[in-house]
Amino acid sequence: MSFERITGRIIKHPKKLSFDYVPDHLPNREEQMDKLFTLFRRVIESGVSQNVFLYGSVGTGKTATAKRFCMDYREWAENKGRRIDYVFINCRRRSNKQQAMWKIVSHFDSNFPDRGFSVGDMLEILQKHLKNKKTHLFVVLDEVDTLVQRDGSDLIYLLSRFEDEAISPEGRLSLLLISQKNVLELLEQSALSTFKRGNRVKFPSYDRNELLDILSYRSKLALHPDSLGDGELKLLATTATSERGDARFGIELLERAALIAEGKGKGDIDAENIRAAKADIDPYFTEEKIHELNTNEKLILLSAVRLLRSSPFTTTGEVEDCYAMVCEEFVQKKLAHTQFWKYLKSISDHGLLNTTTVSSSKGRTTEVSLSDIPADVLETRLADMLSR
Ligand SMILES: Nc1ncnc2c1ncn2[C@@H]1O[C@H](COP(=O)(O)OP(=O)(O)O)[C@@H](O)[C@H]1O
Ligand SMILES: [Mg+2]
């Protein structure tokens with residue numbers, strides 16, 4: 001048997017979909033990048049350290065933006081003949097100050113022993129390294145709330161007061177704290193006093209259009225050309241938006257859908273693959289939800305689902321036309337237009353369909369899509385229930 005047919009027809013660069021891959025650009029994070037640059041340019045220009053706090057919910061690009069910023073800033077500084085280095089620490093993994101400090105020191109000395117030195121000792125050693133190397137160091141404490149909750153704000157205080165009297169940026173250190181929660185509320189007064197009010201960068205959740213940009217860019221990087229159509233891309237973005245604007249979820253969905261399509265021996269991703277991916281990652285769909293529907297709602301849902309078998313989106317107008325035929329098929333009385341709308345709305349309130357109103361030159365239309373379960377699976381179940 002040849003496995004060739006199921007490998008790699010869609011995904012060209014698997015790495016570019018992985019969580020730790022940092023893309024060259026981060027669409028819709030230009031504002032955050034600019035703000036970081038505005039805050040940190042003083043490091044090179046006037047030699048002062050900066051302590052900055054980045055916050056926002058999961059999947060809003062905090063980690064990726066911080067990494068991209070550190071890489072780009074280092075290059076910018078280098079072009080100006082200044083040396084910048086950075087250490088990235090995930091505090092969920094290094095959850096106490098000892099371990100975090102060890103990670104910083106071992107960045108300069110890979111053989112540094114992991115016991116036998118106090119935090120104070122390691123701070124002194126770090127100072128020497130920075131002076132020798134004439135480097136200004138960015139320390140990024142990601143998911144810092146886990147460190148503060150377990151170990152207080154001691155380390156943040158010590159790092160933020162690092163080398164008070166130095167006059168040049170070399171040998172100094174700046175802090176970037178990243179958290180979902182407002183960790184500044186958890187800091188003790190001494191550590192808090194080293195954070196200026198303006199030194200906060202907010203990462204709002206992405207909306208559907210922003211996720212569309214991001215997923216379009218990431219799919220171009222990672223997939224073979226023409227393996228993801230515009231409608232399918234839009235369905236991915238719609239599905240990820242219903243999960244609170246989370247780019248991580250969007251990328252995971254893209255990867256899973258691509259793998260499902262490849263597994264079926266196909267060269268492109270269709271809407272059914274995306275729905276199957278969603279059902280895989282997040283089996284949110286419950287039987288109960290369809291059992292709760294009344295007959296009218298089941299007929300309307302079945303109409304939408306039939307249209308969606310071969311397409312990522314349909315419109316309410318098309319659903320209503322199809323509904324008329326479905327009523328004939330199951331010998332049921334057809335509802336008037338306003339009633340039809342009321343029931344369609346209730347189906348979407350149940351979360352079984354997504355409805356999005358879009359305005360175009362032709363007026364307003366309401367797009368209808370399905371994300372939690374493949375249309376052919378749902379169609380079979382509904383038709384079964386209705387013919388009983
Ligand atoms: N604006 C963006 N452009 C491209 N990819 C993005 C963007 N924002 C987030 N991502 C990607 O989404 C995933 C989650 O982002 P991440 O930075 O880990 O979020 P957070 O740290 O806020 O939870 C990562 O794979 C990241 O590369
Ligand atoms: Mg993160």
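**Entry 1: the small sheet**

I start with the rule I need for strand pairing: two strands pair if DSSP finds at least two bridges between them. The model I am reading is a predicted one.

With that rule in hand, I looked up the sheet that holds β6, and I found an open sheet of three strands in the order β6-β8-β7, with antiparallel pairing. I then asked myself why one side of β6 and of β7 is left without a neighbour in the sheet. β6 (314-315) and β7 (354-360) stand at the edges and each has a single partner strand, so one side of each has no neighbour there.

Next I went through the pairings. β6 and β8 (residues 363-369) pair in the antiparallel sense over two bridges. I noted that threonine 314 stands opposite valine 368 in β8, and that threonine 315 has glutamate 367 in β8 as its bridge partner. On the β7 side, seven bridges join β7 to β8, and these strands run antiparallel. Here I met glutamate 367 again, as the bridge partner of threonine 356. β7 and β8 form a hairpin, with two residues between them.

**Entry 2: the whole chain**

I stepped back to take stock of the protein. I counted off 16 helices and eight strands. The C-alpha atoms fill a box of roughly 85 × 55 × 45 Å along the principal axes. The protein has 388 residues, and 49% of them count as buried. For contacts with a separation of 6 or more, I find that 73% come from residues 24 or more positions apart.

I also looked at the surface and the charges. The protein exposes about 19100 Å², and carbon and sulfur atoms supply 48% of that area. There are 57 positive and 57 negative charges, and their mean positions are 3 Å apart.

**Entry 3: the cores**

Which residues have the most contacts inside the largest nonpolar core? I found Met101, Leu141 and Ile156 in that role, in a core of 33 residues. The elements that give two or more residues to this core are β2 (84-90), α3 (97-108), α4 (119-133), β3 (136-142), α5 (144-151), α6 (154-160) and β4 (173-179).

I followed methionine 101 a little further. Leaving aside neighbours within four places in sequence, methionine 101 is in contact with Val119, Met122, Leu123, Leu126, Leu155 and Leu159. Apart from this core lies another, of 32 residues, and Leu302, Leu308, Ala375 and Leu382 are among them. For background, I remind myself that in soluble globular proteins nonpolar side chains tend to be buried together.

**Entry 4: strand β4**

β4 gives residues to the largest core, and I wanted to know how covered this strand is. Seven of the seven residues of β4 are buried. Leu173, Leu175, Leu177 and Ser179 point one way from the strand, while Ser174, Leu176 and Ile178 point the other way. I note that two serines, Ser174 and Ser179, are listed here with the buried residues.

I looked up the partners of β4 as well. Five bridges join β1 (residues 51-56) to β4, and the two run parallel. In that pair, tyrosine 55 has serine 179 as its bridge partner. Five bridges also join β3 to β4, again in parallel. There, phenylalanine 138 has serine 174 as its bridge partner.

**Entry 5: lysine 181**

Moving on past β4, I stopped at lysine 181, in the loop between β4 and α7 (189-192). Is lysine 181 buried, partly exposed or exposed? Its relative accessible area is 44%, and lysine 181 is partly exposed. Not counting residues up to four places away in sequence, lysine 181 touches Phe53, Asp145 and Gln149. I also checked leucine 54, which is 127 residues away along the chain from lysine 181: their C-alpha atoms are separated by 9.8 Å.

**Entry 6: two positive phi values**

Last, I went looking for positive phi values outside glycine. Asparagine 28 has one, of about 70°, and this residue is found in the segment before α1 (30-45).

Valine 331 is another, with phi near 50°. I find valine 331 in the loop between α14 (316-329) and α15 (337-349). Valine 331 is exposed, with a relative accessible area of 73%.

Note on methods:
Residues numbered from 1 in each chain as written. Chains lettered and ligands numbered in written order. Predicted model: local features only at pLDDT ≥ 70, side-chain atom pairs only at ≥ 80, totals over all residues. Heavy atoms only, no water. Helix = DSSP H or I, 4+ residues; strand = E, 2+ residues; numbered from the N terminus. Buried < 20%, exposed > 50% of the residue type's maximum accessible area, 1.4 Å probe, protein only. Contact = heavy atoms within 4.5 Å. Areas by Shrake-Rupley, 256 points an atom, 1.4 Å probe, with all protein chains shown as cover. Lys, Arg positive; Asp, Glu negative; His and termini not counted. Charge placed at Lys NZ, Arg CZ, Asp CG, Glu CD. Core = buried A, V, L, I, M, F, W, Y, C linked by side-chain atoms within 4.5 Å.
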